[in-house]
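Open the model in your viewer and keep the selection tool at hand. This tour moves from stop to stop, saying what to select and what is there.

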Amino acid sequence: MKEFHDYSLLNHNTFGIEAKAERFITYDSVDDLQQVITHLNNGLSDRPLLHIGGGSNLLFLSDYKGVILHSHIKDIETHNDGNDIFLRVGAGMVWDDLVDYCVENGYYGLENLSLIPGEVGASAVQNIGAYGVEAKDVIQKVECVDLKTSENRIFTTEECKYGYRSSIFKKELQGQYAVTYVWFKLSRIFEPHLDYGDIRNALLASGINEKEITAKQLRQTIIEIRQAKLPDPKDFGNAGSFFMNPIVECEVFEHIKQDYPNAPHYVIDEAHIKIPAGWLIEQCGWKGRSLGNAAVHDKQALVLINKGGALGKDILELCNVVRNDVKNKFGINIHPEVNFIGGEA
Ligand code: EPU
């Protein structure tokens, strides 16, 4: 365990916002975390507690007046069972290091989730997803520690109540558990998921025959698609998709189609359609536009960026203006995927 006071969070949020935590504590094992919880309880700390991962889905609106926890549990165990391979992975491992490790070792299933920023623990909280695959498709169970009692608890995938970018850890049990290990069920047989539009176009462009594609080629293709659209936080602070794609009733979409016959959409079920928020924002004229030091990314309007020196409140202001414009033009509420810390959305 390591503890820091009045600690800069600049390297712990991909938005590159300068904010400080009153106390910042890292731990290296489950035992260590349990000791941290006892230590906090003994100190009768009534300060707010926040557990963070890679900080790729956070927007600090002010300094954090409380305790921030960060996992340094990074080990991997593997268990074979025929063509299945089960991995128990420490929550503090960088997500893309896990994807790389799996592709290198011939453990398949994570390729489409290449280059998603963040850490393994957050993948199970956020149900990260990209290019037709979601974390819930490969998660088998999630080991947690109760942040009040320090007891261990294992959640099955069903108990995690996964939905689009959502889980029980973001809803009913928000802030109550720290994820310590995530179990993944992968396969030794490579079955590529190529159905997401951008993938086949990219394979065509690079002359890869989809019948002969390897996992490494698929990972590389996904990396190239992401790099072309999503800004590198080293260049411009950002948190990936800022908004979730809204799911609306079919009638709402039918109305939009009258004016925009080619509007992109995904059918969810008989009554619901998901519309890319990036498209809605682009139609409102925001793609590439700035408001002070905050801007809408010029290659993917779902992403808000810090042009340099933006404060959390500057990004929030842009978020609110964009949301209002989408609401006024289309009558649709779009909701941030990013978690606001220290203020109201
Ligand atoms: N589009 C536009 N203008 C834009 C952006 C998108 O018209 O500025 C339209 C295009 O028609 C495009 C469609 O929206 O075909 C979908 O765009 P894209 O494939 O980039 O995906 P998305 O729906 O905008 C979601 C995820 C991304 C994930 C991609 C690929 C959410 C909130 N975002 O974005 O996840 O990488 O699909 O699967 O669901 C993230 O969560 O941080 C993230 C990057």
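**Stop 1: strand S1**

Select strand S1, residues 2-8, and pick out Asp6 within it. The model is a predicted one. Asp6 has a phi near 50°, a positive value in a residue other than glycine. Most residues other than glycine have a negative phi. Is Asp6 buried or exposed? Its relative accessibility is 55%, so Asp6 counts as exposed, the cut-off being over 50%.

**Stop 2: the open sheet**

Now select S6, S7, S12, S10 and S11. In that order they make an open sheet of five strands, with antiparallel pairing. Which strands form the edges? They are strand S6 (76-81) and strand S11 (152-156), each pairing on one side only. Look along the sheet to see the turn: on average, neighbouring strands are turned by 20° against each other, direction ignored.

Zoom in on S7 and S12. They run antiparallel and are joined by seven bridges. Find Leu87: opposite it, in S12, stands Phe184.

**Stop 3: strand S10**

Move to S10. Six of its eight residues are buried, and the strand is mostly covered. On one pairing, seven bridges join S10 to S12, and the two run antiparallel. Glu143 has Tyr181 of S12 as its bridge partner. On another, S10 and S11 run antiparallel with five bridges between them. Here Val142 stands opposite Phe155 in S11.

Follow the chain from S10 into S11. This hairpin has five residues between the strands, and Ser150 takes a positive phi near 65° there.

**Stop 4: helices across the sheet**

Add helix H1, residues 30-42. It lies across S10, S11 and S12 and runs at about 35° to S10. Then add H2. This helix lies across S6, S7 and S12, at about 150° to S7.

Go on to the loop between H2 and H3 and select Leu115. Its phi is near 65°, again a positive value in a residue other than glycine. Leu115 is partly exposed, with a relative accessible area of 30%.

**Stop 5: the nonpolar cores**

Show side chains. In soluble globular proteins, nonpolar side chains tend to be buried together. The largest nonpolar core here has 45 residues. Which of its members touch the most others? They are Trp95, Leu98, Leu110, Val142, Phe184 and Leu186. Several elements give two or more residues to this core: strands S7 (84-90), S10 (139-146) and S12 (177-187), and helices H2 (95-105), H3 (120-126), H4 (197-205) and H5 (215-229).

Centre the view on Val142. Not counting residues up to four places away in sequence, Val142 touches Ala124, Arg153, Ile154, Phe155, Cys160, Tyr162, Phe169, Val179 and Tyr181.

Another core lies apart from the largest one. It has 37 residues, among them Leu59, Cys250, Ile315 and Cys319.

**Stop 6: H4 against H5**

Select H4 and H5. Their axes come within 10 Å and cross at roughly 105°. The two helices are therefore roughly perpendicular to each other. Which residues make the contact? From H4 they are Asp198, Ile199, Ala202 and Leu203, and from H5 they are Leu218, Thr221, Ile222, Ile225 and Lys229. By class, this contact has six nonpolar, one polar and two charged residues.

**Stop 7: Ser56**

Find the loop between strand S3 (49-52) and strand S4 (58-60), and select Ser56. Is Ser56 buried or exposed? Its relative accessible area is 12%, so Ser56 is buried, the cut-off being under 20%. Leaving aside neighbours within four places in sequence, its contacts are Thr14, Pro117, Gly118 and Ala239. Now place a distance line to Gln258. The two residues are 202 apart along the chain, and their C-alpha atoms are separated by 37 Å.

**Stop 8: Ile273**

End at strand S16, residues 272-274, with Ile273 selected. This residue is buried, with a relative accessible area of 7%. Draw a line from Ile273 to Glu249. They are 24 residues apart in sequence and 6.2 Å apart in space, C-alpha to C-alpha. Which residues contact Ile273, leaving aside its neighbours within four places in sequence? Select Pro246, Ile247, Val248, Cys250, Phe253, His265, Tyr266, Val267 and Ile268. Among these contacts, Cys250 also belongs to the core of 37 residues.

Conventions: Residues are numbered from 1 along each chain as its sequence is written. This is a predicted model: local features need pLDDT of at least 70, side-chain atom pairs count only at pLDDT 80 or more; totals for chains, interfaces and linings use all residues. Side-chain values use heavy atoms; hydrogens and water are left out. A nonpolar core is a set of buried Ala, Val, Leu, Ile, Met, Phe, Trp, Tyr and Cys residues joined through side-chain atoms within 4.5 Å. Buried means under 20% relative accessible area, exposed over 50%, partly exposed in between (1.4 Å probe, protein chains only). Helices (H or I, at least four residues) and strands (E, at least two) are DSSP runs, numbered from the N terminus. Contact means heavy atoms within 4.5 Å. Axes are lines fitted to C-alpha atoms, for helices over the stretch in contact, and angles run from 0 to 180 degrees between N-to-C directions. Angles under 35 degrees count as roughly parallel, over 145 as roughly antiparallel, 65 to 115 as roughly perpendicular and the rest as oblique. Ala, Val, Leu, Ile, Met, Phe, Trp, Tyr, Cys and Pro count as nonpolar, Asp, Glu, Lys and Arg as charged, and the others, Gly among them, as polar. Two strands pair if DSSP finds at least two bridges between them.
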